[in-house]
Amino acid sequence: MKKKQIKILPILPLRNTVIFPGVIIPITIGRTKSQKLIEEVLKSDKIMGVVTQKDAKTEEPVSNDLYRVGTVVNILKLLKLPDGSQSIVIQGSDRFHIDAFHESDPFFKAEVEILTEDGIDKMESDALMLSLKHLSNQLIELNPNIPNETKIAIENIDTLSALLYFIASNLPVSQNLKQELLETNSLKDLSDKILAHIQMELSTLELSSEIQHKVKVDMEKAQKEFYLRQQLKAIQQELGESDSADADVEELKKRGKEKKWPKEIQDVFDHEIKKLARQNPAAADYSVTRNYIDWLLDLPWHEFTADILDLKKAEKILNEDHYDLEKVKKRILEYLAVLKLKKDMKGPILCFYGPPGVGKTSLGQSIARALGRNFVRISLGGVRDEAEIRGHRRTYVGALPGRILQGMKKAKSDNPVFMLDEIDKLGMDFRGDPSSALLEVLDPEQNHSFSDHYLEVSYDLSKVIFIATANSLENIPGPLRDRMEIIELSSYTEIDKLQIARQYLIPRQVKEHGLEVDDVTIPEETLKKVIESYTREAGVRSLERTIGAVCRNVAKDKAVGKKTKKEIKPEQLETILGPEKYFSDVAEQTEMPGVATGMAWTPVGGDILFIEANIMPGSGKLTLTGQLGDVMKESVQAAITFAKANAHDLNIDQKFFTHFDLHIHVPAGAIPKDGPSAGVAMLSAITSIFTQRKIRSGLSMTGEITLRGLVLPVGGIKEKVLAAKRAGIREIILPERNQKDIKDMTKEAVSGLKIHYVKRMREVLDLALDKKPVQNPAKLLERVDKEEKK
């Protein structure tokens, strides 16, 4: 950079404009400071400096808001406008660099250094000018925003620097790029940058021109095709022939005549066919109308499969596929019996409710096979949009009917077995509530005229057998639950699992792993160990996977040529399946007072849980840990209140409630727990720790308590009892009013268990607590008294 000379110049900030040397340009002056500057300059030599603001939005720029390189300009003309602003015509002369600002009020003044450009030899200069003029002319021809006069101006420029600055001033690039060009001192570098920008702009404009030309050609082609199509249509009509679109319409009409639909549907079909015949096949609406007609034709209308009304044959099929499940089988056979007597009976709406793996989904397939009906299944897990059930209106792009009618299309009959899997996993959000949309589907009084948003005609679902499945009823809204007949599928007992494994799981896994029946034998003792030590579940999914792992081990030996006939003994399981995964939870009980074994129900079956109580010197404070829910906390409060109110009868000194803090913990702290059924276990643990009497080993209990000491019935008894038996429990305390639940269980399920039925908490405590305390509770109080005296 060469310094020409140093000057003190008034500085005018510009917005969105970069002035280059030699360029004449008008600018509008609106800011008060700028107007004062112009007045001052016009009184003197009309020379000033202009620099560009870094941010055009800044209303009152300071020195840091301005670029440091600008242009010396000469004011050629001043125009005062009616709105009070001024317009001046200026011409750039030299570039400058600001060394320092001297003043900022009333306007900027700065000390500047006049910059000169690095020289270039004449031959290279002439070559660059030739290239610049040629490319610039091409750009002017392609860019309609640049006037043709610019081409004449470029041809008349005879110096490289003037040409470069003129082109830079007119280039359609950003302010930052123009400032970068202004700050370039070497004419060679400036030429390279400008040539690169022109080439880039030319490429963009050429591509845009190609696209426009292609669009124009395509439009002309479409118009030509339409014209020729119309001519062809007229010729075909003269010859008595029909075009492909007319042939499609005729084919659709023919299919429509074969349908046995109601008159209402026939009228809609006729209307849509007339509309389709009038539309141009190239039009967007043609495919929308055609899709709608296809859906009307693809749905079954009064098309039924013949039911198997032989009750013995249906019962045989049900027994072939599933072990036990007598309630469900009885309900299906009752439906068949009534259907045999009354042909127009509506389809039942059932809900199979139970833990995972008990055969809810496969039972639906078995029912369809037993009835001789088609089977269709849709999963509702995670569905949050009402349109998934009812469909989208035809105004939307890509609209389709909802899952119900999509399922009916797959079923190809009006009376399928339709399974709504995981109905308790439905969600809802701003798009609507799918469970509310299901109310019409699952209501026998309404589903004969189900309306889908896409079809907008009534569709009869009354002959469909709807079977919903759920793991928990709590998540199903009340009105929806009220429309379904709930059938509970309880957990399997060990005997059930043995039979299911023998009759169904082992043969299926042997076949799936390419083995013969004689290749592997799994004795009953081995199966029992698999059930007890490797799978702890309500259903049989994990059991089937474990049997599959055993079969894979045999298949591997067979594949490498080892002895194929193999009997799996219990001691071999650790080699095949690894160490045992589950052990008896009763072993976790300690010999200390304050630990009670409760029983819990979960969506995946039953389980046992331990209630731990401990005391320490304090002031009667209560601490609860283990992620207890509100209802469970209230059970603790009720238990403590009962213990305080009956302290004399329970041999609890009142000082325990004021001189000791009580801490109650339910292990597996990461798992939330709630419900009232742990009430009796809570009170037993509290009484045990205050009286120092242990709770008898091998005993578990469940039941809700009241402040009067009554024991109320609870739910999930079968799952709880089976879980307790799996864990090695020998005695169980249940509310008397739950006796009916035990009667529903098989003798095998409760064999080996001693069950006590109670009405009051005093009975529970008499049964649960040892007669003798581990230590005299009075000694605990003596220690506290001694500590207080110290």
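Is Cys551 buried or exposed? Cys551 is buried, with a relative accessible area of 0%. The legends below describe close-up views of a predicted model.

**View 1. Two buried cysteines in a model with zero disulfides.** Cys351 has a relative accessible area of 0% and is buried. Cys551 is buried as well, and its relative accessible area is likewise given as 0%. The disulfide count of the model comes to zero. In general, a disulfide covalently bonds the sulfur atoms of two cysteines.

**View 2. A five-stranded open sheet with parallel pairing.** The strands follow the order 8-9-12-7-13. Strand 8 (375–379) and strand 13 (485–488) are the edge strands, and each of them pairs on one side only. On average, neighbouring strands of this sheet are turned by 20 degrees against each other, with direction ignored. Strand 8 and strand 9 (residues 417–421) run parallel and are joined by five bridges. Within this part of the sheet, Phe375 stands opposite Val417 in strand 9.

**View 3. Helix 12 lying across strands of the sheet.** Helix 12 covers residues 360–371. The strands that helix 12 lies across are strand 7 (349–353), strand 8, strand 9 and strand 12 (465–470). Relative to strand 9, helix 12 runs at about 175 degrees.

**View 4. Glu422, a residue with positive phi after strand 9.** Phi of Glu422 is about 55 degrees, a positive value, although Glu422 is not a glycine. Glu422 is located in the loop that connects strand 9 with helix 15 (434–441). With a relative accessible area of 26%, Glu422 is partly exposed.

**View 5. Gln627, a loop residue with positive phi.** Gln627 is a residue other than glycine, and its phi is positive, near 55 degrees. The loop that holds Gln627 runs between strand 18 (622–625) and helix 21 (630–645). Gln627 is partly exposed, at a relative accessible area of 42%.

**View 6. Pro26 and its contacts.** Pro26 is part of strand 2 (residues 24–29). The relative accessibility of Pro26 is 58%, and the residue counts as exposed. Which residues does Pro26 contact, leaving aside its neighbours within four places in sequence? Pro26 is in contact with Ile88 and Val89. Pro26 and Leu76 are 50 residues apart along the chain, and their C-alpha atoms are separated by 9.6 Å.

**View 7. Salt bridges at helix 18.** Side chains of opposite charge can pair when their charged atoms come close. The model has a count of 35 salt bridges. In one of them, Glu524 pairs with Lys528, and the closest N and O atoms are 3.7 Å apart. These two residues are four apart in helix 18 (residues 524–534), and therefore about one helical turn separates them. Glu524 is partly exposed, with a relative accessible area of 41%. Lys528 is also partly exposed, at 31%. A further salt bridge forms between the side chains of Lys529 and Glu580, at 3.4 Å from N to O. This pair links distant parts of the chain, 51 residues apart: Lys529 is in helix 18, and Glu580 is in the loop between helix 20 (573–577) and strand 16 (595–602). Lys529 counts as partly exposed at 24% relative accessibility. Glu580 is partly exposed, with a relative accessible area of 29%.

**View 8. Helix 23, largely enclosed by the rest of the structure.** Why is helix 23 described as largely enclosed? All of its residues, 13 of the 13, are buried, so the rest of the structure largely encloses helix 23. Helix 23 consists of residues 679–691, and at 1.5 Å a residue these 13 residues should span 18 Å. The end C-alpha atoms of helix 23 are 18 Å apart, in agreement with that expectation. Gln692 follows helix 23 and has a positive phi, near 60 degrees.

**View 9. The salt bridge of Arg696 with Glu731.** The closest N and O atoms of Arg696 and Glu731 are 2.9 Å apart. Arg696 lies in the loop between helix 23 and strand 20 (699–701) and Glu731 lies in strand 23 (residues 731–735), so the pair ties together parts that are 35 residues apart in sequence. Arg696 is partly exposed, with a relative accessible area of 24%, whereas Glu731 is buried at 15%. Elsewhere, Asp248, Arg290 and Asp294 are joined into one network by salt bridges that share partners.

How values were computed:
Residues are numbered from 1 along each chain as its sequence is written. This is a predicted model: local features need pLDDT of at least 70, side-chain atom pairs count only at pLDDT 80 or more; totals for chains, interfaces and linings use all residues. Side-chain values use heavy atoms; hydrogens and water are left out. The expected span of a helix is 1.5 Å times one less than its number of residues. Buried means under 20% relative accessible area, exposed over 50%, partly exposed in between (1.4 Å probe, protein chains only). Two strands pair if DSSP finds at least two bridges between them. Axes are lines fitted to C-alpha atoms, for helices over the stretch in contact, and angles run from 0 to 180 degrees between N-to-C directions. Contact means heavy atoms within 4.5 Å. A disulfide is a pair of cysteine sulfur atoms within 2.5 Å. A salt bridge is a side-chain nitrogen of Lys or Arg within 4 Å of a carboxyl oxygen of Asp or Glu.
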